[in-house]
Amino acid sequence: MLAGDPGPEPLALTRLVAVALDEDLGPAPGRDVTTQSTVDAHARGRADVVAREAGAVAGLVAVPEVLDQVADRLGLPRVEVTWHVADGSVVDAGAVLATLAGPTHVLLVAERTLLNLVSRASGVATHTHRWTQALTGTGARVLDTRKTTPGLRALEKYAVRCGGGTNKRMGLFDVAMVKDNHVVAAGSVAAAVRAVRERFADVAIQVEVDRPEQADEALDAGADFLLLDNMDTGTLAATVARVRAREGATGHVDLEATGNLALDRAREVALTGVDYLSVGALTHSSPILDVALDLDPRSVAAPSGARSEEPTVTSVTAEERVPRP
């Protein structure tokens with residue numbers, strides 16, 4: 001797990017893994033017709049989780065959950081995991097991330113689900129790390145958005161943190177974002193902000209602006225921070241200066257640049273004085289990091305005198321599992 005980070009919410013991770021395994025194995029307990037036909041049910045083995053390319057690592061937090069759920073479904077002992085790196089590490093191609101030892105059935109049945117999650121999360125972390133490096137020394141940080149893969153938000157936002165980025169709101173419930181359609185519906189920025197304050201006094205309110213004069217209206221309405229949308233560098237710098245000039249009265253207001261942002265423009269945008277750069281592509285367009293599971297052929301063996309019949313299979317639903325801390 002990323003040092004100092006609570007990781008994805010445990011129940012969300014448990015449910016995610018259960019759904020992913022159902023996709024691969026069929027409804028719980030499911031089956032792997034190839035592994036269960038070709039590998040002795042009592043064989044044990046050892047395998048390495050290996051990064052095939054360089055990048056930032058994330059998603060290792062999901063590995064024990066996948067292995068444990070597979071072991072429970074198959075009625076087999078759980079796999080022992082030896083960690084060689086932690087989430088958030090930046091590794092070279094060929095780095096061994098973890099070594100797994102246990103029933104070969106569990107290793108092979110869990111393989112693709114485990115790799116899908118680690119590869120996806122590590123791809124997000126690697127992309128985020130590039131942005132973090134580009135912004136070094138500017139004082140600005142890169143933010144994610146709600147443009148996440150349905151069902152994977154908790155893991156993908158954790159991956160952003162592993163890459164050195166920052167999460168914005170987790171959903172529609174924790175931060176109010178007043179956008180153009182809300183302004184149209186409410187009648188004005190002030191009316192929209194006032195309505196949120198009256199209904200949900202506990203949440204911070206962000207207002208989207210795309211012209212410098214709109215920043216004044218948002219500040220007058222009492223916005224806590226501003227989303228500066230699709231501005232060229234000159235307009236962005238002017239808007240930042242306009243907001244900062246009022247800080248004696250308003251206090252510091254966080255400013256977030258978004259829209260048409262690319263790595264080659266990252267420092268230019270950051271140096272306008274914004275606090276954050278919001279990049280939806282961190283989660284909606286990051287390619288995976290190639291991660292593989294290599295089974296050591298020397299380690300595969302069935303215990304002496306072991307019977308070849310299948311072990312008893314037990315069905316464990318996501319609701320029956322107890323999330324680990």
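**Note on the strand pairing and overall build of the chain**

1. Strand 7 and strand 8, the latter covering residues 204–209, pair in the parallel sense, and four bridges connect them. Within this pairing, Val175 has Ala204 of strand 8 as its bridge partner. The model is a predicted one, and the remarks below should be read with that in mind.

2. The pairing of strands 7 and 8 belongs to an open sheet of six strands, whose order is 6-11-10-9-8-7 and whose pairing is parallel. Its edges are formed by strand 6 (141–143) and strand 7 (175–178), each of which pairs on one side only. On average, neighbouring strands of this sheet are turned by 25° against each other, with direction ignored.

3. Helix 7, made up of residues 189–199, lies across strand 7 and strand 8. With respect to strand 8, helix 7 runs at about 160°, an angle taken between N-to-C directions on a scale from 0 to 180 degrees.

4. A separate point concerns strand 1 (residues 44–51), which pairs with strand 5 (residues 96–103) in the antiparallel sense over seven bridges. Ala47 has Leu100 in strand 5 as its bridge partner.

5. Strand 1 is also joined to strand 12 (residues 291–295), again in an antiparallel arrangement, and here there are five bridges. The residue in strand 12 that serves as bridge partner of Val49 is Leu293. In general, strands of a sheet pair through backbone hydrogen bonds, in either the parallel or the antiparallel sense.

6. Taken as a whole, the chain has 12 helices and 12 strands, and its C-alpha atoms fill a box of roughly 80 × 40 × 30 Å along the principal axes. Among the contacts in the chain with a separation of 6 or more, 76% are accounted for by residues that are 24 or more positions apart.

7. As to burial, the chain has 325 residues, of which 50% are buried, the cut-off being under 20% relative accessible area. The chain exposes about 15,000 Å², and carbon and sulfur atoms supply 52% of this area.

8. On charge, the chain carries 32 positive and 44 negative side chains. The centres of the positive set and the negative set lie 1 Å apart.

Definitions and conventions
Residues numbered from 1 in each chain as written. Predicted model: local features only at pLDDT ≥ 70, side-chain atom pairs only at ≥ 80, totals over all residues. Heavy atoms only, no water. Helix = DSSP H or I, 4+ residues; strand = E, 2+ residues; numbered from the N terminus. Buried < 20%, exposed > 50% of the residue type's maximum accessible area, 1.4 Å probe, protein only. Contact = heavy atoms within 4.5 Å. Areas by Shrake-Rupley, 256 points an atom, 1.4 Å probe, with all protein chains shown as cover. Lys, Arg positive; Asp, Glu negative; His and termini not counted. Charge placed at Lys NZ, Arg CZ, Asp CG, Glu CD. Pairing = 2+ DSSP bridges.
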